[in-house]
Amino acid sequence: KNVGTWYAVEWLPTAVGSYRYSVTATDLAGNEQVKAGSAAVTVRSEWVTIGHSVRKRPIVAARFGSGKRHILVIGGVHGNEFGTAVATQFAAFLATHPAAVPARARIDVIRCLNPDGYALHTRSNARRVDLNRNLPTANWRGILNRGDPSASLGLSGGRSPGSEPETKALLAYLKQGFAAVLSLHSRAGILDCNGPGGAALAKRMAALCRLPVGHLGYQPYITGSLGDYVPAKYGIPIITVELRSAMFSAELRSAVLVVAR
């Protein structure tokens with residue numbers, strides 16, 4: 001009954017270089033493994049640790065290209081959403097297709113900002129803080145508004161603005177300076193834009209990936225979010241990509257890359 005089902009296996013290279021991988025399979029009856037294929041992969045970027053979670057899991061990022069237009073893609077702010085899977089697939093594509101990075105661009109990818117939440121399959125980090133409510137914005141609050149779905153889950157905005165180690169890692173990384181930020185979430189299926197130039201960027205992306213530009217219905221109740229913090233602090237656009245699927249399609253890839261052009 002699982003014929004035709006796709007399975008994802010995660011692998012992070014430890015260093016720049018050439019690798020060879022092979023794929024094998026075993027059926028549910030325990031029959032002998034069958035070699036499915038192999039190929040050489042050249043990795044031209046590597047993962048570096050930029051911080052640690054509450055439970056000391058590493059938060060890693062990779063850099064692709066060397067141009068002056070500096071873009072940041074953030075996956076896994078919420079551990080139970082599609083952001084980590086899509087950010088990982090995007091980074092793997094860039095590592096094996098370096099020519100895909102526009103000549104004047106550099107693209108940084110944070111694979112999973114919330115590795116504890118990813119391991120636990122929870123929206124929050126290990127202290128039940130919604131990291132996308134923990135940014136030091138003018139509207140930050142520890143006790144979330146009732147209209148915010150995170151409040152109904154018993155989550156908080158943290159003990160203070162930027163209190164969580166995951167948030168601290170991101171705040172430090174943002175200081176490098178970026179032209180635009182993409183934050184990968186799910187599952188509303190929209191492109192939510194904030195900041196100067198955000199609407200124009202979102203429209204260009206929408207034309208390629210067929211996700212409409214829009215806002216979440218509970219947007220007025222959200223506090224301490226990255227969508228508020230990035231434009232206020234750095235005066236740059238941020239696009240919150242509300243994914244419909246964990247699969248990184250060619251259309252979505254084109255939409256993300258257009259931000260770097």
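**Second largest pocket.** I started with the second largest pocket, which has 22 lining residues; nearest its centre are Asn132, Leu216, Ile222, Thr240 and Glu242. I'm working on a predicted model here, so I keep that in mind throughout. The volume of this pocket comes out at about 250 Å³. I sorted the lining by class and got 10 polar, 7 charged and 5 nonpolar residues. Then I checked which elements feed it: E7, E8, E9 and helix H6 (226-234) each give at least two lining residues.

**Strand E9.** Thr240 and Glu242 from the pocket list sent me to E9, so I asked myself how many of its residues are buried. For strand E9, residues 238-243, I got 6 of 6 buried, so the rest of the structure largely encloses it. I split the strand by side: Ile238, Thr240 and Glu242 sit on one, Ile239, Val241 and Leu243 on the other, and both faces are covered.

Next I looked up what E9 pairs with. Strand E7 (residues 180-186) runs parallel to E9, joined by 6 bridges. I noted one pair there: Leu184 has Val241 as its bridge partner in E9. Strand E8 (residues 190-194) is antiparallel to E9, with 5 bridges between them. For E8 I jotted down Cys193, whose bridge partner in E9 is Ile239.

**Between E7 and E8.** I followed the chain out of E7 and found a cis peptide bond between Ser186 and Arg187, with omega about 15 degrees. Arg187 belongs to the loop that links E7 and E8.

**Cavity.** I also went looking for closed-off space. Rolling a probe the size of a water molecule over the atoms shows where empty space is left. I count 1 cavity of 30 Å³ or more. The largest cavity has a volume of about 50 Å³. Which residues line it? My list reads Val77, Leu113, Leu131, Asn132, Leu135, Thr167, Leu170 and Leu226. By class that lining is 6 nonpolar and 2 polar residues, with no charged ones. I spotted Asn132 here as well as among the residues nearest the centre of the second largest pocket.

**Asn114.** I then picked Asn114, in the loop between strand E6 (105-110) and helix H2 (115-120). Buried or exposed? Asn114 counts as buried because its relative accessibility is 0%. Its side chain reaches the backbone oxygen of Val77 at 3.4 Å, and Val77 is one of the residues lining the largest cavity. Leaving out residues up to four places away in sequence, I have Asn114 touching Gly76, Val77, His78, Gly79, Thr122, Arg123, Ser124, Asn125, Leu131 and Glu166.

**Positive phi.** I flagged two non-glycine residues while checking the backbone. Lys56 has a positive phi near 70 degrees and lies in the loop between strand E3 (48-52) and strand E4 (58-65). With 65% relative accessibility, Lys56 counts as exposed. His121 also has a positive phi, about 55 degrees, and I find it in the loop between H2 and helix H3 (149-152). His121 is exposed too, at a relative accessible area of 56%.

**Whole chain.** Last, I pulled the overall numbers. The chain has 7 helices and 9 strands. Of its 261 residues, 50% are buried. For contacts with a separation of 6 or more, I get 74% from residues 24 or more positions apart.

Terms used. Residues are numbered from 1 along each chain as its sequence is written. This is a predicted model: local features need pLDDT of at least 70, side-chain atom pairs count only at pLDDT 80 or more; totals for chains, interfaces and linings use all residues. Side-chain values use heavy atoms; hydrogens and water are left out. Helices (H or I, at least four residues) and strands (E, at least two) are DSSP runs, numbered from the N terminus. Buried means under 20% relative accessible area, exposed over 50%, partly exposed in between (1.4 Å probe, protein chains only). A polar contact is a pair of N or O atoms within 3.5 Å; within protein, one must be able to donate a hydrogen and the other to accept it, and residues adjacent in sequence count only if both atoms are side-chain atoms. Contact means heavy atoms within 4.5 Å. On a 1 Å grid over the protein atoms alone, a cavity is a set of points where a 1.4 Å probe fits but cannot get out, and a pocket is an open set with protein on both sides within 12 Å along at least five of seven lines; lining residues have an atom within 4 Å of a point. Grid points are joined across faces, edges and corners, and a volume is the space filled by probe spheres set on the points. Ala, Val, Leu, Ile, Met, Phe, Trp, Tyr, Cys and Pro count as nonpolar, Asp, Glu, Lys and Arg as charged, and the others, Gly among them, as polar. Two strands pair if DSSP finds at least two bridges between them.
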